[in-house]
Amino acid sequence: MRVILLGPPGAGKGTQAVRIAHRASVPHVGTGDLLRAAVAHGTDLGLRARAYMERGELVPDDLVLEMLRRRLEEPDARAGFVLDGFPRNPAQAEALDAILEETGLRVDHVVALEVPDDEIVARLSSRASCPGCGRTFALPGPILGSATCDYDGTPLVQRDDDLPEVVRRRLEVFRHQTEPVIAHYQRHGLLTRVPGVGEVPDVSDRIAKELGLAS
Ligand code: AMP
């Protein structure tokens, strides 16, 4: 099963992509996670991507596409994938179609998670991330200095791009560059819109139902 999860920053794409990938027994492929890992390891890609990410801008397509192509060529992605954070603009959507067509494959489902703007800003300003495993947690601000990851014990931090002015820029980028991607998949009859509000397991159940996955 090849699934794309779309939605604004803070819609819960990463959290839901991990859960849905687990239920569908396919890997979760998050381009933001891959880029953050490249930055943390100081690779050539990471060094080139970093400044864009810090500003809340999209990393140039050629860098992201090469990285994604390599990830999708790994054996575990042959059975399918849940893509999170990609495609972010219409050119990336077309490039993904072309990458898949080379091997006779195509996207099966595209899910757009919908969350109101005021909820997004509230969520991102209280979001803490684990630099170890990349999971995110909703925390009241004052606890941030002392909280640790439930999974690996690493002290949690606020992502540089979750600062309010960068969040505003990321939302603008979403409106201008990523919303047309939603329209692209709607035209192709692949799009399902799912409300991203409420408890995490309930949102997962809604998505799973749309994908025909057993609960
Ligand atoms: P995310 O974790 O998906 O919100 O991504 C964090 C940042 O990584 C974004 O604000 C972009 O700077 C960069 N990024 C992630 N995915 C892409 C993509 N598909 N194309 C360009 N930049 C990306």
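**Exercise 1. Determine which residue of strand 4 is the bridge partner of V3, and describe the pairing to which this bridge belongs.**

Solution. In this predicted model, V3 has H109 as its bridge partner in strand 4. A further position to inspect is L5, which stands opposite V111 in strand 4. The two elements involved are strand 1, residues 2–6, and strand 4, residues 109–114. Their pairing is parallel and extends over 4 bridges.

**Exercise 2. Establish the order of the strands in the open sheet, and state which strands lie at its edges.**

Solution. Begin with the pairing of strand 4 and strand 7, which is parallel and comprises 5 bridges. Within strand 7, P195 is the residue opposite E114. Next, extend the description to the whole sheet: 5 strands are arranged in the order 2-3-1-4-7, with parallel pairing. The edges are then strand 2 (28–30) and strand 7 (191–195), each of which pairs on one side only. Finally, consider the twist: neighbouring strands of this sheet are turned against each other by 25 degrees on average, direction ignored.

**Exercise 3. Classify the packing of helix 5 and helix 7 as parallel, antiparallel, perpendicular or oblique, and identify the residues in contact.**

Solution. First, place helix 7: residues 164–187 form this helix, which lies across strand 1, strand 4 and strand 7. Its direction makes an angle of about 125 degrees with strand 7. Second, examine the two helix axes, which come within 8 Å and cross at roughly 45 degrees. Third, apply the cut-offs: angles under 35 degrees count as roughly parallel, and those from 65 to 115 as roughly perpendicular. Helix 5 and helix 7 are therefore oblique to each other. Helix 5 contributes P90, A93, E94, L96 and D97 to the contact, while helix 7 contributes Q177, P180, V181, H184 and Y185. By class, the residues of this contact comprise 6 nonpolar, 2 polar and 2 charged.

**Exercise 4. Characterise the second largest pocket by its volume, its lining and the elements that supply that lining.**

Solution. The volume of the second largest pocket is about 230 Å³. Its lining consists of R2, R69, L72, E73, A77, R78, F81, I99, L100, E102, T103 and L105. Two elements, helix 4 (61–72) and helix 5 (90–102), each give two or more residues to this lining. The largest share, 3 residues, comes from helix 5. Sorting the lining by class yields 6 nonpolar, 1 polar and 5 charged residues. Helix 5 thus appears in two settings: in the lining of this pocket and in the contact with helix 7.

Technical notes: Residues numbered from 1 in each chain as written. Predicted model: local features only at pLDDT ≥ 70, side-chain atom pairs only at ≥ 80, totals over all residues. Heavy atoms only, no water. 1 Å grid on protein atoms, 1.4 Å probe; cavity = no way out; pocket = protein on both sides within 12 Å on 5 of 7 lines; lining within 4 Å. Points joined across faces, edges and corners; volume = space filled by probe spheres on them. Nonpolar A, V, L, I, M, F, W, Y, C, P; charged D, E, K, R; others polar. Pairing = 2+ DSSP bridges. Axes fitted to C-alpha atoms, helices over the stretch in contact; angles between N-to-C directions. Contact = heavy atoms within 4.5 Å. Parallel < 35°, antiparallel > 145°, perpendicular 65-115°, else oblique.
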